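Please open the structure in your viewer and keep the selection tool at hand. The tour proceeds by selections, each followed by a description of what is to be found there.

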Amino acid sequence: MGSFDYLFKVLVVGDSAVGKTSLLNRYVHDVFGKDYKMTMGVDFALKVVQWSDAEMVRLQLWDIAGQERFTSMTRLYYKQASACIIMFDLTNADSFRSCQMWKNDLDNKVTLSNGELVPCILLANKPSHLFSRNLPLTHFFIILGQLIVYLLLEPLLC
Ligand SMILES: Nc1nc2c(ncn2[C@@H]2O[C@H](COP(=O)(O)OP(=O)(O)OP(=O)(O)O)[C@@H](O)[C@H]2O)c(=O)[nH]1
Ligand SMILES: [Mg+2]
């Protein structure tokens, strides 16, 4: 039986401090640091996943800085992306509102080789933070409501 090697370039985008670097550090190196050190431009990590006996998946994970000052530079790295994770922080409503901007920005800069939009998932981060910071439950429901409205309207907007 032949073996197959797949390579996917995955972008991770979202506002500053939502936890993009932390997610990748956990996924690739299994470490988590409490201190915040902003990403300067772009970082890169590689994760090899043995998908099946015959299939190996190589994930090129591109950690895109959320700080606006890096915008013009980081967009150069969107080229040839296969997929994208758009992240927000559950305790930061602005970071959720920005997800639409990140999605539009991505769609304006890059498409798949067949012209289709790059597939994205929306990732809500810091659930533990939500409870440890004792935020009012209304905060959570506001974000949940916005998410539901977005999911209902999104097909109409495409
Ligand atoms: N409680 C909690 N804190 C988190 C989580 N993920 C990240 N953090 C913290 O959030 C802060 C920012 O995380 P980063 O991963 O550096 O954020 P970033 O999105 O890479 O930020 P930029 O590089 O500026 O774009 C750090 O202090 C992390 O320890 C999480 O799931 N839960
Ligand atoms: Mg970072």
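The stops below lead from the overall fold to the sheet, the core, the ligand shell and some individual loop residues.

**The whole chain**

Begin with the entire protein in a cartoon representation, bearing in mind that this is a predicted model. The secondary structure comprises 5 helices and 5 strands. Read from the N terminus, the order of elements is β-α-β-β-α-β-α-β-α-α. Colouring by burial would mark 23% of the 158 residues as buried. Among contacts with a separation of 6 or more, 70% link residues 24 or more positions apart.

**The sheet**

Next, select the strands. What is the order of the 5 strands in the open sheet? The order is 2-3-1-4-5, and the pairing is mixed. Strand 2 and strand 5 (120–125) occupy the edges; each has a single partner strand, so one side of each lacks a neighbour in the sheet. From one strand to the next, the twist averages 25°.

Now restrict the selection to strand 1 (residues 4–14) and strand 3 (residues 55–64). These two pair in the parallel sense, over 9 bridges. To find one position in this pairing, pick F4, which stands opposite E55 in strand 3.

Add strand 4 (residues 83–89) to the view. Strand 4 runs parallel to strand 1, and 5 bridges join the two. Here the residue to label is V13, which has I86 of strand 4 opposite.

**The edge strand and its hairpin**

Move to strand 2 (residues 42–52). Is strand 2 well covered or hardly covered? Strand 2 is hardly covered: of its 11 residues, the count of buried ones is 0. Strand 2 and strand 3 run antiparallel and are joined by 10 bridges. The connection between them is a hairpin through 2 residues. Two facing pairs can be labelled along this ladder: S52 stands opposite E55, and D43 stands opposite D63. E55 thus appears in two pairings, facing S52 and also F4.

**The nonpolar core**

Show side chains for the core next. In soluble globular proteins, nonpolar side chains tend to be buried together. The largest nonpolar core here has 22 residues, and L11, V12, V13 and C84 have the most contacts inside it. Strand 1, strand 3, strand 4 and helix 3 (93–109) each contribute at least two residues to this core.

Centre the view on V12. Beyond its neighbours within four places in sequence, V12 is in contact with K20, L23, L24, L61, W62, D63, I64, I85 and M87.

Then select helix 3 itself. This helix lies across strand 1, strand 4 and strand 5, and runs at about 160° to strand 4.

**The ligand shell**

Select ligand 1 and expand to its surroundings. Which residues are the closest to ligand 1? Of the 20 residues that surround it, the closest are G19, T21, S22, T39 and G66. Two elements, helix 1 (20–29) and helix 4 (127–132), give two or more residues to the shell. The largest share, 3 residues, comes from helix 1. Coloured by class, the shell shows 5 nonpolar, 11 polar and 4 charged residues.

**Loop residues with a positive phi**

For the next stop, consult the backbone torsions. Most residues other than glycine have a negative phi. A17 is not a glycine, yet has a positive phi of about 70°. A17 belongs to the loop between strand 1 and helix 1. Why does A17 count as partly exposed? The reason is its 16 C-beta neighbours inside 10 Å, since buried status requires 20 or more and exposed status 12 or fewer.

Q80 also has a positive phi, of about 65°, and is not a glycine. Q80 is placed in the loop between helix 2 (71–74) and strand 4. With 12 other C-beta atoms within 10 Å, Q80 is exposed.

**A last loop**

Finally, select L117, in the loop between helix 3 and strand 5. L117 is partly exposed, having 13 other C-beta atoms within 10 Å. Not counting residues up to four places away in sequence, L117 touches D107 and T111. A distance label between the C-alpha atoms of L117 and D107 should read 6.3 Å, although the two are 10 residues apart along the chain.

Definitions and conventions:
Residues numbered from 1 in each chain as written. Chains lettered and ligands numbered in written order. Predicted model: local features only at pLDDT ≥ 70, side-chain atom pairs only at ≥ 80, totals over all residues. Pairing = 2+ DSSP bridges. Helix = DSSP H or I, 4+ residues; strand = E, 2+ residues; numbered from the N terminus. Near = placed C-beta within 6 Å. Nonpolar A, V, L, I, M, F, W, Y, C, P; charged D, E, K, R; others polar. Core = buried A, V, L, I, M, F, W, Y, C linked by C-beta atoms within 7 Å. Contact = placed C-beta atoms within 7 Å. Axes fitted to C-alpha atoms, helices over the stretch in contact; angles between N-to-C directions.
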